[in-house]
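Visitor: Before I trust any label placed on a structure, I would like to hear the reasoning behind it. Could you take me through the terms and the values together?

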Amino acid sequence: MFKNYIKTAFRNLWRHKGFSLLNIIGLTVGMAAFYLIFLYVLFELSYDSFHTRADRIYRIVCDIKTPTETLHSDRPAWAVAPHLVGELPEVQSTVRVSMGDNWLVTRGDRHFEQDDVALADSTFFQVFDFPLLRGNPNTALKEPFSVVLTEATAKKYFGDANPLGQSLALTRSNFHAVVTGVMKDIPENSQIAASMIVSMNTVTQRLNRGLDDQWGNYGANAYLLLKPGANAHALEAKFPAFLEKMDGTEMHAQQMFPTLYLERLRDVYLRSTRGNSKTGNIINVYVFSIVGIFILLIACINFINLTTARSAERAKEVGIRKVVGAGKGQLARQFIGESVILCLIAFLFTVVFSALLLPAFNHLAGKAISPGIFTHASYLLVLLGTAIAIGIAAGFYPALVLSSFQPVAVLKGRFATGTRGLFLRKTLVVLQFTIATALIIATLVVYNQLNYMRNQDLGFNKSQKMIIDTRGDSAKLVFKQEVGNLPGVISTAMSGSVPGGGNPGAYSQIENVRGEMQIANLDLYFVDFDYIPQYQIKMVAGRAFSKNFGTDTTQAMVLNEAAVKMFGYTSPAQAVGKKFDQWGRKGMIVGVMKDFHFRSLQEAIKPLSMRIEPGACDLLSVNVDGHNLPATLSAVERKWKEIIPDKPFSYTFLDETFDRQYRSEDRFGRLFLNFSVLAIFISCLGLMGLASYSTLQRTKEIGVRKVIGASVGGIVFLLSKDFLRLVIWAFLIAAPISWLFMHYWLQSFAYRIDIYWWIFVMAGLTALCIALFTVSFQAFKAARMSPVKSLGTE
């Protein structure tokens, strides 16, 4: 009997090749898209899960309250982590990690630029599970001038030779480090990213002073490992007393009051809003999860709609089977079995399709979410179970309805599909296009927001600016002067920071509107005299730095408008001439610059100060002429090799560096667009199938109408209007739901668009046009058919 079921199933599939193909394509595309999104979401949720004690590891973060503001930092004071051990019994171990540095490394006569260099305490390998392939995890980072390399980095510098005991010159700080360990490459799903780890004691040795007693300096991320059974909330409750005991006198004197909090290691990547470390976005994970479910739901709706629509044609077959003795159970198994077989065929195509698309999807996502489709066999079993469940759901309705018909009525031709099946199909079409229309609206909002961020007036000129890191070389000012004289170079300027990059924060005292010295932590840019003019930053009061004033090199500061407001001034001019005291440097505010976006537009513009400090300015900004750019770049490189020959030449362009802040948003936008297009495509497949079936059912009616004079346009309208009415209903449902969701998504941007009415109009018209084209294509074919042929079909 089972063999007969299989034979009948394949015979029916082959008899209706067109509908079978539509079903298989729609379900394959839907399941493949769902599976890729499923892999992406699971990968994002897996960050830091490979640590065996991840449930006991927490990151220590800090809020710093001053008289003017509360700062939210991802870094506590240097002294916090080492003093927690011993002071609080819940803490088993702590480690400080400073990540993201870029260093110059010399091996023999070869120079390398090494990204992702980290500094870490000797307890690094006791807290985290990063296995060492060579070396002792207990001592690898204990001594000063020790360095641990990842496997790939070790191979880069030493090939297949044993690197232990070998020396590398780290020329950023001009010291030699000894390789004491080789660790496995850090997995992609780790928010701690490093290619080389230098011992934290190296910093102590170089500074000739300890970090463990620095309570006012916030310099590194800190993590703690709780003892088994310890409660994180109970530990947090002890932090205020701990800080008061260790640093209470200094806190009150400086009027800076830190509050410590704990973040679960597993939450740092997706849920933390602090710091500039490697982070994801839990909202985007939720969005993709919903999109994946929606795409699968659309594919299921297509499958169920087409299956139930075609099932009515098999009423006579059911009647004959019942006459010859088939029971309801047998008929139900037949329909469900056919549906499951179709889904299993789609599953096999899905596996092949996903395997082919995975490399491109990894590239689009910007990370290797999975090395191969068969890496996680359990995930494929989930997909197989999903396919079988869809098949059962799609076959259940026709199995239930058709198997209950009386054979006599069916064989006499008195079978009618009734309104229940029609109502179900209409409801599913509305649901399907509600999802598709919502995705169109969301895509328009996402791309308008990204376009707004790219084209917003930043308050400075970022075009044609070449950024060269001189890495503190003693010849940097000579290099600046020589480059400034080259043809094709418009201007040059030195600074310690550029927009889109990092910058320090400085403990500052500024004279406020009441004449009091008010304490605040200000973002700080060290610049030279050419920086403000070169970047075309506008001054709204006072003046920019000038060589005509001898005191500007040591006693002058420029603030932005945000800083002026923070100190209570109602106009920028009021702040000019007021006193400042910053990091021991005292002087007068000489000017106020217009606010400019020195960080991503996701953040509000913060209070910023600028000072002249030649020793801290290592970044050379070169404003180049766009004409004959290759020749200019070659000339700059020749000057570098002539003046600074012992360091490799490298550069970036400011616009690329600044736009790099939006890489994750761009990837989100591209992924969202691609999956939205797939959802709309699947919806169209289903609509085309239903329109084709509906047209087929009304073939005789179309012939009669043509005989009595109906036009082609009239017939197309007649066949299309019911479907278009459903699409309009779908739009009316999708519009308010989409507005709520996208309004919530936009709240994560400090500077954002309004959701304008035309977005909904465009989305509605797009959905309507797509549906009209899909339906009218079938309707037009039927309307052009000869009435003789139409009337001869029955």
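Guide: Let me begin with how elements are named: helices and strands are DSSP runs, of at least four residues for a helix and at least two for a strand, numbered from the N terminus. On that basis Arg471 is found in the loop between strand 12 (465-469) and helix 15 (476-484). Please keep in mind that this is a predicted model.

Visitor: What makes the phi of Arg471 worth a remark, and is Arg471 buried or exposed?

Guide: Most residues other than glycine have a negative phi. Arg471, which is not a glycine, has a positive phi near 55°. Its relative accessible area is 12%, and because buried means under 20%, Arg471 is called buried.

Visitor: Which term of accessibility fits Phe145, and where does Phe145 lie?

Guide: Phe145 sits in the loop between strand 5 (132-134) and strand 6 (146-150), and it too is a non-glycine residue with a positive phi, of about 60°. With a relative accessible area of 24%, Phe145 falls between the 20% and 50% cut-offs, so it is partly exposed.

Visitor: How many disulfides does the structure hold, and how do you know that Cys343 is not in one?

Guide: The structure holds zero disulfides. The closest cysteine sulfur to that of Cys343 belongs to Cys300 and is 7.9 Å away, whereas a disulfide needs two sulfur atoms within 2.5 Å, so the pair is too far apart for a bond. Cys343 is buried at 0% relative accessibility, and Cys684 is likewise buried, at 16%.

Visitor: Why is the pair of Arg96 and Asp212 called a salt bridge?

Guide: The N to O distance between the side chains of Arg96 and Asp212 is 3.0 Å, and the rule asks for a distance within 4 Å, so the pair qualifies. Arg96 lies in strand 3 (residues 91-107) and Asp212 in the loop between helix 6 (200-207) and strand 10 (221-226), so the salt bridge ties together parts that are 116 residues apart in sequence. Arg96 is buried at 6%, while Asp212, at 37%, is partly exposed.

Visitor: How many salt bridges are counted by this rule, and which residues are linked in a network?

Guide: The count comes to 30 salt bridges, and Arg59, Asp63, Asp74, Arg75, Glu263 and Arg274 are linked in a network of them. Elsewhere, Arg599 and Glu603 meet at 3.8 Å, which is still within 4 Å and therefore still counts as a salt bridge. Arg599 is buried at 19% relative accessibility, whereas Glu603 is partly exposed at 28%.

Visitor: What makes the contact between Val382 and Thr386 a polar one?

Guide: The backbone oxygen of Val382 lies 2.8 Å from a polar atom of the Thr386 side chain, and since the cut-off for a polar contact is 3.5 Å, that distance satisfies it. Thr386 lies in helix 12 (residues 377-402) and is buried, with a relative accessible area of 17%.

Visitor: Which residues touch the most other members of the largest nonpolar core?

Guide: In that core of 121 residues they are Met31, Ile537, Phe545, Met610 and Phe675. Leaving aside residues up to four places away in sequence, Met610 touches a set including Tyr525, Ile537, Phe545, Val558 and Phe596. A second, separate core of 26 residues includes Val91, Ala232, Phe239 and Ile519.

Note on methods: Residues numbered from 1 in each chain as written. Predicted model: local features only at pLDDT ≥ 70, side-chain atom pairs only at ≥ 80, totals over all residues. Heavy atoms only, no water. Buried < 20%, exposed > 50% of the residue type's maximum accessible area, 1.4 Å probe, protein only. Polar contact = N/O pair within 3.5 Å; in protein donor to acceptor, adjacent residues only side chain to side chain. Core = buried A, V, L, I, M, F, W, Y, C linked by side-chain atoms within 4.5 Å. Contact = heavy atoms within 4.5 Å.
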